[in-house]
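Got your viewer open? Load the model and switch to cartoon view, and we'll walk through it together.

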Amino acid sequence: MSWRSTGHTNSELINNLSRNGLLTSRALAAAMLATDRAHFCPHAPYADAPQRIGYDATISAPHMHVYALEALLPYITGERRGKVGEKEGRGVRVLDVGCGSGYLLAVIGHLLPPGGKVIGIEHIPQLTSLATSNLRRSPATAAMLSDGRIQAVTADGRQGYAPEAPYDAIHVGAAADGWGVVDTLVNQLGRGGRLFIPVCDGDGGEGEGGGTAGQWVWEVDKDEEGKVTKKKSHGVMYVPLTDRKEFS
Ligand code: SAH
């Protein structure tokens, strides 16, 4: 499935993702058209495949970005919050743990309603700088960095980012090795919010794009009463959430 959507240009890639039934939301397609993947991906930017970005990190494949963003979309746009009619007066808050190239910060920046904010956490300082300089390559996202709509922070993402909690949506772009990280992040999730996190739970069952590594995406929802529900979704293969290595 992953290679079928490859294109020669950003718009061809996005049209192929739509035609293949992976990308169903118009709002998401528009945000991805406004974000040139070449600004974030030095090699083969329009291939539907993950690519290395240095420092042991990768930019995820476009269909994985789509899958994660579609799972979180109404939480990012505020549509879902409108329905529950809660937390008025506070802007939508989104957290992207392991923001790597910064690609998702750009797409989320385009999807947020006015007053919204997305915070990216990356533990390798060189990658925080890379994400920031990638985002400066487009005037639209450069403006979002200047006005605080997008912020990139160097920290251990396993701790979340308490100063901007509670979050409407939390995306984790690297696999947790157990449930401790999930618990920490769920504590920073607002009522009515959703966490998207790959977890390595040792279940080596079958799954698209992996599963053999024992990694599965979990969608964890917190309802209006604060009740938490965990749903196991696809088998995947992400790089792990780790301690920070030093790179010179
Ligand atoms: N969504 C990003 C994925 C980057 S790969 C993209 O598509 O570009 C996963 C990222 O998680 C890497 O950049 C890695 O440095 C980062 N990471 C790994 N462990 C981390 C930790 N403990 N805290 C913060 N970031 C971490």
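We'll start with the whole chain and then zoom in on one helix.

A word on ground rules: this is a predicted model, where local features need pLDDT of at least 70, side-chain atom pairs count only at pLDDT 80 or more, and totals for chains, interfaces and linings use all residues. Residues are numbered from 1 along each chain as its sequence is written, and side-chain values use heavy atoms, with hydrogens and water left out.

Select everything. The protein has eight helices and nine strands (DSSP runs numbered from the N terminus: H or I of at least four residues for helices, E of at least two for strands). Its C-alpha atoms fill a box of roughly 45 × 45 × 45 Å along the principal axes. Colour by burial next: 54% of the 248 residues are buried (under 20% relative accessible area, with exposed over 50% and partly exposed in between; 1.4 Å probe, protein chains only).

Now select residues 139-146, which is helix 7, and show side chains: Thr141, Met144 and Leu145 are buried. Look down the axis of helix 7 and the buried residues fall within an arc of 100°, so they line one face (the arc is that of the directions from the helix axis to the C-beta atoms). Spin to the other side for Pro139 and Ser146, both exposed.

What do the buried residues of helix 7 pack against? Add helix 5 (103-111), helix 6 (125-135) and strand 5 (150-154) to your selection; contact here means heavy atoms within 4.5 Å.

Last stop: glycine 148, which follows helix 7 and has a positive phi, near 85°.
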